[in-house]
Amino acid sequence: LFFFLMIRRPPRSTQGVSSAASDVYKRQRVDKAKTILEVACGTGYGSLTNRPLLKKGTTYFCTDFSSNMLKRLEMLYQNSDFLHNPKNKFHFSTEEPKVKIYPVLEENPEGITINMCKGNNENLPFVESCFDSYLAPYSLYHVENPEKMIQESFRVLKAGGIACFGVFGKEKLSPFFSVFPEILMKYAAQYKITFPMRRSYFYLGENEEGLINMTKKAGFSKVQCWHVPMAVSYTHLRAHETSLHLVCRLLLEKKK
(Lines give C-alpha, C1' and ligand atoms only; values in the text may rest on other atoms or scores of the structure.)
Protein backbone atom coordinates (compact mmCIF):
# COMPACT_ATOMS: atom_id res chain seq x y z
CA LEU A 1 0.00 0.00 0.00
CA PHE A 2 1.07 3.59 -0.63
CA PHE A 3 0.08 6.42 1.69
CA PHE A 4 0.50 10.13 1.22
CA LEU A 5 -0.28 12.84 3.71
CA MET A 6 -0.71 16.57 3.13
CA ILE A 7 -1.05 19.68 5.24
CA ARG A 8 -3.63 22.17 3.95
CA ARG A 9 -1.26 25.04 4.64
CA PRO A 10 1.14 25.37 7.58
CA PRO A 11 -0.32 27.11 10.64
CA ARG A 12 1.79 29.94 12.01
CA SER A 13 2.76 28.30 15.29
CA THR A 14 3.34 24.61 14.50
CA GLN A 15 5.94 22.55 12.70
CA GLY A 16 5.52 20.03 9.91
CA VAL A 17 4.50 16.40 10.20
CA SER A 18 6.94 14.25 12.16
CA SER A 19 8.83 11.92 9.84
CA ALA A 20 9.59 9.64 12.79
CA ALA A 21 5.98 8.57 13.26
CA SER A 22 5.35 5.21 11.61
CA ASP A 23 1.68 4.83 12.36
CA VAL A 24 -0.67 6.43 9.84
CA TYR A 25 -3.09 7.77 12.41
CA LYS A 26 -0.37 9.20 14.61
CA ARG A 27 1.01 11.00 11.57
CA GLN A 28 -2.44 12.49 11.18
CA ARG A 29 -2.38 13.74 14.77
CA VAL A 30 -5.88 12.46 15.39
CA ASP A 31 -5.13 12.63 19.10
CA LYS A 32 -4.96 16.43 18.74
CA ALA A 33 -7.83 16.86 16.28
CA LYS A 34 -11.25 18.00 17.46
CA THR A 35 -13.09 17.34 14.20
CA ILE A 36 -12.19 14.34 12.02
CA LEU A 37 -13.69 13.20 8.72
CA GLU A 38 -13.34 9.68 7.32
CA VAL A 39 -14.74 9.26 3.80
CA ALA A 40 -15.66 5.93 2.22
CA CYS A 41 -15.71 4.60 5.78
CA GLY A 42 -17.14 1.21 4.82
CA THR A 43 -17.86 -0.92 7.88
CA GLY A 44 -15.93 1.34 10.24
CA TYR A 45 -12.41 -0.06 10.55
CA GLY A 46 -10.88 3.42 10.56
CA SER A 47 -13.10 4.86 13.27
CA LEU A 48 -12.65 1.79 15.47
CA THR A 49 -8.88 1.92 15.05
CA ASN A 50 -8.76 5.63 15.76
CA ARG A 51 -11.13 5.58 18.73
CA PRO A 52 -8.51 4.83 21.45
CA LEU A 53 -6.60 7.91 20.28
CA LEU A 54 -9.56 10.28 20.45
CA LYS A 55 -9.91 12.75 23.31
CA LYS A 56 -13.05 13.99 25.00
CA GLY A 57 -14.86 16.59 22.95
CA THR A 58 -13.82 15.07 19.61
CA THR A 59 -16.34 14.73 16.77
CA TYR A 60 -15.58 11.89 14.32
CA PHE A 61 -17.68 12.03 11.13
CA CYS A 62 -18.01 8.99 8.85
CA THR A 63 -19.41 9.15 5.32
CA ASP A 64 -19.93 6.53 2.65
CA PHE A 65 -21.64 6.47 -0.74
CA SER A 66 -23.34 3.17 0.19
CA SER A 67 -26.32 3.17 2.55
CA ASN A 68 -25.79 -0.56 3.14
CA MET A 69 -22.26 0.04 4.39
CA LEU A 70 -23.56 2.69 6.78
CA LYS A 71 -26.20 0.29 8.10
CA ARG A 72 -23.52 -2.30 8.83
CA LEU A 73 -21.48 0.36 10.57
CA GLU A 74 -24.49 1.32 12.69
CA MET A 75 -24.91 -2.30 13.76
CA LEU A 76 -21.24 -2.49 14.64
CA TYR A 77 -21.48 0.54 16.94
CA GLN A 78 -24.79 -0.53 18.47
CA ASN A 79 -23.12 -3.84 19.44
CA SER A 80 -19.86 -2.31 20.63
CA ASP A 81 -18.90 -0.93 24.03
CA PHE A 82 -18.86 2.64 22.69
CA LEU A 83 -22.36 3.44 23.91
CA HIS A 84 -21.74 1.84 27.30
CA ASN A 85 -20.34 5.23 28.21
CA PRO A 86 -23.40 7.48 28.53
CA LYS A 87 -21.28 10.52 27.72
CA ASN A 88 -20.50 9.23 24.22
CA LYS A 89 -22.90 10.25 21.44
CA PHE A 90 -23.84 8.47 18.21
CA HIS A 91 -25.83 10.00 15.32
CA PHE A 92 -26.71 7.86 12.31
CA SER A 93 -28.33 8.59 8.94
CA THR A 94 -28.33 6.86 5.56
CA GLU A 95 -29.42 10.10 3.89
CA GLU A 96 -27.19 12.78 2.41
CA PRO A 97 -27.81 16.26 3.89
CA LYS A 98 -29.78 18.55 1.59
CA VAL A 99 -27.48 21.47 2.38
CA LYS A 100 -23.84 21.64 3.40
CA ILE A 101 -23.58 21.26 7.16
CA TYR A 102 -21.15 21.93 9.99
CA PRO A 103 -19.90 18.60 11.40
CA VAL A 104 -20.44 19.34 15.10
CA LEU A 105 -24.16 18.65 15.49
CA GLU A 106 -24.00 19.18 19.25
CA GLU A 107 -21.27 20.09 21.73
CA ASN A 108 -20.08 17.14 23.82
CA PRO A 109 -17.06 18.19 25.92
CA GLU A 110 -17.30 15.17 28.25
CA GLY A 111 -17.39 12.43 25.64
CA ILE A 112 -16.71 11.38 22.03
CA THR A 113 -19.26 11.91 19.26
CA ILE A 114 -19.52 9.64 16.21
CA ASN A 115 -21.65 11.00 13.35
CA MET A 116 -22.51 9.18 10.12
CA CYS A 117 -24.25 10.16 6.92
CA LYS A 118 -24.25 9.38 3.23
CA GLY A 119 -21.69 11.39 1.27
CA ASN A 120 -20.00 11.73 -2.12
CA ASN A 121 -16.21 12.11 -1.90
CA GLU A 122 -16.23 14.46 -4.89
CA ASN A 123 -18.96 16.70 -3.46
CA LEU A 124 -18.89 16.50 0.33
CA PRO A 125 -21.94 17.69 2.30
CA PHE A 126 -19.92 19.99 4.59
CA VAL A 127 -19.15 23.69 4.80
CA GLU A 128 -15.65 24.97 4.12
CA SER A 129 -12.79 24.79 6.62
CA CYS A 130 -14.52 22.66 9.27
CA PHE A 131 -12.26 19.61 9.86
CA ASP A 132 -8.85 19.25 11.51
CA SER A 133 -8.19 15.83 9.97
CA TYR A 134 -9.35 14.00 6.83
CA LEU A 135 -8.87 10.28 6.20
CA ALA A 136 -9.45 8.38 2.93
CA PRO A 137 -7.63 5.05 3.20
CA TYR A 138 -9.14 3.11 0.27
CA SER A 139 -11.16 5.24 -2.11
CA LEU A 140 -9.12 7.70 -4.18
CA TYR A 141 -8.46 5.14 -6.93
CA HIS A 142 -12.19 4.30 -7.13
CA VAL A 143 -13.63 7.75 -7.80
CA GLU A 144 -14.17 9.06 -11.32
CA ASN A 145 -12.19 12.25 -10.68
CA PRO A 146 -9.42 11.90 -8.05
CA GLU A 147 -8.37 15.53 -8.52
CA LYS A 148 -11.87 16.66 -7.53
CA MET A 149 -11.77 14.43 -4.45
CA ILE A 150 -8.44 15.93 -3.35
CA GLN A 151 -9.79 19.44 -3.95
CA GLU A 152 -12.81 18.63 -1.78
CA SER A 153 -10.55 17.41 1.03
CA PHE A 154 -8.70 20.74 0.86
CA ARG A 155 -11.97 22.68 0.89
CA VAL A 156 -13.32 21.10 4.09
CA LEU A 157 -10.02 21.18 6.01
CA LYS A 158 -9.13 24.01 8.35
CA ALA A 159 -5.83 25.87 7.92
CA GLY A 160 -3.13 23.50 9.12
CA GLY A 161 -5.46 20.51 8.76
CA ILE A 162 -4.05 17.18 7.63
CA ALA A 163 -5.38 14.87 4.90
CA CYS A 164 -4.24 11.28 4.50
CA PHE A 165 -4.95 9.14 1.45
CA GLY A 166 -4.10 5.51 0.82
CA VAL A 167 -3.78 4.04 -2.67
CA PHE A 168 -2.44 0.80 -4.05
CA GLY A 169 1.32 1.10 -4.60
CA LYS A 170 3.27 -0.55 -7.40
CA GLU A 171 1.61 -3.56 -8.96
CA LYS A 172 4.79 -5.65 -9.08
CA LEU A 173 5.11 -5.29 -5.30
CA SER A 174 1.46 -6.15 -4.61
CA PRO A 175 0.86 -9.81 -5.56
CA PHE A 176 -2.05 -10.26 -3.15
CA PHE A 177 -4.01 -7.46 -4.84
CA SER A 178 -3.11 -8.49 -8.39
CA VAL A 179 -3.12 -12.30 -8.45
CA PHE A 180 -6.91 -12.69 -8.28
CA PRO A 181 -7.70 -10.32 -11.19
CA GLU A 182 -5.00 -12.09 -13.20
CA ILE A 183 -6.64 -15.45 -12.53
CA LEU A 184 -10.06 -14.12 -13.49
CA MET A 185 -8.83 -12.67 -16.76
CA LYS A 186 -6.87 -15.82 -17.58
CA TYR A 187 -9.87 -18.10 -17.19
CA ALA A 188 -12.59 -15.64 -18.18
CA ALA A 189 -12.81 -16.94 -21.74
CA GLN A 190 -12.93 -20.56 -20.59
CA TYR A 191 -15.93 -19.91 -18.34
CA LYS A 192 -17.49 -17.32 -20.67
CA ILE A 193 -17.13 -14.47 -18.18
CA THR A 194 -16.97 -10.89 -19.41
CA PHE A 195 -15.66 -7.90 -17.46
CA PRO A 196 -16.12 -4.19 -18.15
CA MET A 197 -12.98 -2.37 -19.18
CA ARG A 198 -11.65 -0.27 -16.30
CA ARG A 199 -8.45 1.40 -15.23
CA SER A 200 -6.01 -0.41 -12.98
CA TYR A 201 -6.26 0.01 -9.21
CA PHE A 202 -2.55 0.83 -9.31
CA TYR A 203 -2.71 3.75 -11.72
CA LEU A 204 -2.19 6.38 -9.01
CA GLY A 205 0.47 4.59 -6.97
CA GLU A 206 2.57 3.89 -10.06
CA ASN A 207 3.00 7.64 -10.61
CA GLU A 208 4.18 9.12 -7.32
CA GLU A 209 5.34 12.40 -8.88
CA GLY A 210 2.00 12.90 -10.61
CA LEU A 211 0.17 12.20 -7.37
CA ILE A 212 2.22 14.78 -5.49
CA ASN A 213 1.64 17.38 -8.20
CA MET A 214 -2.09 16.69 -8.02
CA THR A 215 -2.14 17.47 -4.29
CA LYS A 216 -0.08 20.64 -4.64
CA LYS A 217 -2.33 21.83 -7.43
CA ALA A 218 -5.25 21.51 -5.00
CA GLY A 219 -3.44 23.86 -2.63
CA PHE A 220 -1.67 21.60 -0.13
CA SER A 221 1.66 23.00 1.04
CA LYS A 222 3.45 19.93 2.39
CA VAL A 223 3.24 16.40 1.04
CA GLN A 224 4.76 13.30 2.60
CA CYS A 225 4.67 9.88 0.89
CA TRP A 226 5.64 6.44 2.12
CA HIS A 227 5.10 2.80 1.21
CA VAL A 228 3.60 0.40 3.74
CA PRO A 229 4.31 -3.34 3.27
CA MET A 230 1.12 -5.31 3.81
CA ALA A 231 1.36 -9.01 4.60
CA VAL A 232 -1.83 -11.04 4.40
CA SER A 233 -1.66 -14.53 5.88
CA TYR A 234 -3.16 -17.63 4.34
CA THR A 235 -5.25 -18.06 7.50
CA HIS A 236 -6.60 -14.53 7.06
CA LEU A 237 -7.58 -15.36 3.50
CA ARG A 238 -9.45 -18.51 4.58
CA ALA A 239 -11.24 -16.63 7.38
CA HIS A 240 -12.64 -14.10 4.89
CA GLU A 241 -13.33 -16.56 2.10
CA THR A 242 -16.20 -15.98 -0.30
CA SER A 243 -17.14 -17.75 -3.50
CA LEU A 244 -14.86 -15.36 -5.37
CA HIS A 245 -11.93 -15.98 -3.03
CA LEU A 246 -12.34 -19.70 -3.55
CA VAL A 247 -10.48 -19.64 -6.88
CA CYS A 248 -7.56 -17.87 -5.26
CA ARG A 249 -7.56 -20.27 -2.29
CA LEU A 250 -7.53 -23.32 -4.53
CA LEU A 251 -4.65 -21.89 -6.50
CA LEU A 252 -2.66 -21.27 -3.33
CA GLU A 253 -3.38 -24.76 -2.05
CA LYS A 254 -2.26 -26.32 -5.29
CA LYS A 255 1.05 -24.45 -5.09
CA LYS A 256 1.84 -25.64 -1.57
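A residue is taken as buried when its relative accessible area is under 20%. In this predicted model, C41 has a relative accessibility of 5% and therefore counts as buried. C130 is likewise buried, with a relative accessible area of 0%.

No disulfides were found in a search of the whole structure. For C41, the closest cysteine sulfur is that of C62, at a distance of 4.7 Å, which is too far for a bond; a disulfide would require the two sulfur atoms to lie within 2.5 Å.

In soluble globular proteins, nonpolar side chains tend to be buried together. The largest nonpolar core of the model comprises 28 residues, and the members that touch the most others are L37 and Y134. Two or more residues are given to this core by each of β6 (131-136), α4 (146-156), β7 (157-167) and α6 (208-218). A second core, separate from this one, contains 18 residues, among them L54, C62, L70 and L73.

The surroundings of Y134 were examined with residues up to four places away in sequence left out. Y134 touches L37, V39, L124, M149, V156, L157, I162, A163, C164 and F165, and its contacts also include Q28 and S153.

Helix α6 has both a buried and an exposed face. Its buried residues are L211, M214, T215 and A218. These residues lie on the same side of α6, because the arc that they cover around the axis is only 95°. An α-helix has 3.6 residues a turn, so residues three or four places apart point the same way. On the face of α6 turned away from the buried side are the exposed residues E209 and K217. The residue that follows α6 is G219, with a positive phi near 120°.

A further site of interest is N121, which is located in the loop between β5 (113-118) and β6. With a relative accessible area of 7%, N121 is buried. Apart from neighbours within four places in sequence, N121 is in contact with V39, A40, S139, V143, M149 and E152. Of these, S139 is joined to N121 by a polar contact of 3.4 Å between the two side chains. V39 and M149 also appear among the residues touched by Y134. The C-alpha atoms of N121 and N145 are separated by 9.7 Å, and the two residues are 24 residues apart along the chain.

How values were computed. Residues numbered from 1 in each chain as written. Predicted model: local features only at pLDDT ≥ 70, side-chain atom pairs only at ≥ 80, totals over all residues. Heavy atoms only, no water. Buried < 20%, exposed > 50% of the residue type's maximum accessible area, 1.4 Å probe, protein only. Core = buried A, V, L, I, M, F, W, Y, C linked by side-chain atoms within 4.5 Å. Helix = DSSP H or I, 4+ residues; strand = E, 2+ residues; numbered from the N terminus. Contact = heavy atoms within 4.5 Å. Arc of directions from axis to C-beta. Polar contact = N/O pair within 3.5 Å; in protein donor to acceptor, adjacent residues only side chain to side chain.
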